[in-house]
Amino acid sequence: MTEKSPSYADLLLEFEPRPINSQSALQRTYNLIDRLMSMPRLTRSQSEMLEMLSMLVEQYESREFPTPNVSAAEMLQHLIEARGINQSNLATETNVPRSVISEILAGRRRISVGNIQKFSRYFNVSSDLFVKSADSEHPETDPEE
């Protein structure tokens, strides 16, 4: 005998999702997400519930832990430090001259579109991290190096 998959309405009754307004509510939502993600295969309703719970978490986290506005140079410096590398390593790995990286970090040069793409690929991050930061610094763009 096959068991019928729960409908979305059934899942709503079971999980009772609500806006997240506290750390305890956040933890409960994480637990629900973990429960769904531990299933070997999700039904469409379960996938939709997982997506909705994830959206609630993202909404709470963006409100409670907003990403600070930082310059593109500060973002690059953070990524370099987080990876535990130096400017020479980055230059070698991305084929961006060390002098260009140094000028970017010193605030004397903006990151070109081409270098944004190289850094994004190397650090495996969205180019938006650099573009949004760069847009808030200066409206003009730097020519390609």
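Y60 counts as buried, because its relative accessibility is 5% and the cut-off for buried is under 20%. In this predicted model, that residue also belongs to an aromatic pair. The ring centres of Y60 and F65 lie 6.4 Å apart with the planes at 80 degrees, so the arrangement is edge-to-face. A search of the whole structure gives three aromatic pairs. Another of them joins Y122 and F123, whose ring centres are 4.9 Å apart; the planes stand at 80 degrees, so this pair is edge-to-face. Both Y122 and F123 are buried. The ring of Y122 has a further partner in R83, whose charged end sits over the ring at 4.5 Å from its centre.

The overall architecture comes next. The chain contains eight helices and zero strands, which gives the pattern α-α-α-α-α-α-α-α when read along the sequence. The chain has 145 residues, and 32% of them count as buried. Its accessible surface comes to about 9,800 Å², with 50% belonging to carbon and sulfur atoms. Among the contacts between residues at least 6 apart in sequence, 63% join residues at least 24 apart.

One place to look at separation in sequence and in space is the pair D10 and S45. These residues are 35 apart in sequence, and their C-alpha atoms are 9.2 Å apart in space. D10 lies in helix α1, which covers residues 8-15, while S45 lies in helix α3, which covers residues 44-64. Their exposure can be compared through the relative accessible area. D10 is partly exposed because its value is 38%, a figure between the limits of 20% and 50%. S45 is buried because its value is 16%. Which residues does S45 contact, leaving aside its neighbours within four places in sequence? The partners are P6, S7, Y8 and L11.

Charged side chains provide another set of links. The structure holds five salt bridges. One of them is formed by the side chains of E14 and R35, with an N to O distance of 2.1 Å. E14 lies in helix α1 and R35 in helix α2 (residues 23-37), so this salt bridge ties together parts that are 21 residues apart in sequence. Why does E14 count as partly exposed? The reason is its relative accessible area of 44%, since partly exposed covers values between 20% and 50%. R35 falls in that class too, because its relative accessibility is 40%.

Helix α1 thus appears in two of these descriptions: D10 lies in it, and so does E14.

Among the other salt bridges is that of R18 with E16, where the closest N and O atoms are 3.7 Å apart. R18 is exposed, because its relative accessible area is 54% and exposed means over 50%. A further salt bridge joins the side chains of R109 and E103 at 3.0 Å, N to O. R109 is partly exposed because its relative accessible area is 28%. E103 counts as partly exposed because its relative accessibility is 28%.

Conventions: Residues are numbered from 1 along each chain as its sequence is written. This is a predicted model: local features need pLDDT of at least 70, side-chain atom pairs count only at pLDDT 80 or more; totals for chains, interfaces and linings use all residues. Side-chain values use heavy atoms; hydrogens and water are left out. Helices (H or I, at least four residues) and strands (E, at least two) are DSSP runs, numbered from the N terminus. Buried means under 20% relative accessible area, exposed over 50%, partly exposed in between (1.4 Å probe, protein chains only). Contact means heavy atoms within 4.5 Å. Accessible areas come from the Shrake-Rupley method with a 1.4 Å probe; for residues, only the protein chains shown count as cover. Rings of Phe, Tyr and Trp (its six-membered ring) pair if their centres lie within 6.5 Å; planes under 30 degrees apart count as stacked, over 60 as edge-to-face and the rest as tilted. A charge sits over a ring if NZ of Lys or CZ of Arg is within 6 Å of the ring centre and within 35 degrees of the ring normal. A salt bridge is a side-chain nitrogen of Lys or Arg within 4 Å of a carboxyl oxygen of Asp or Glu.
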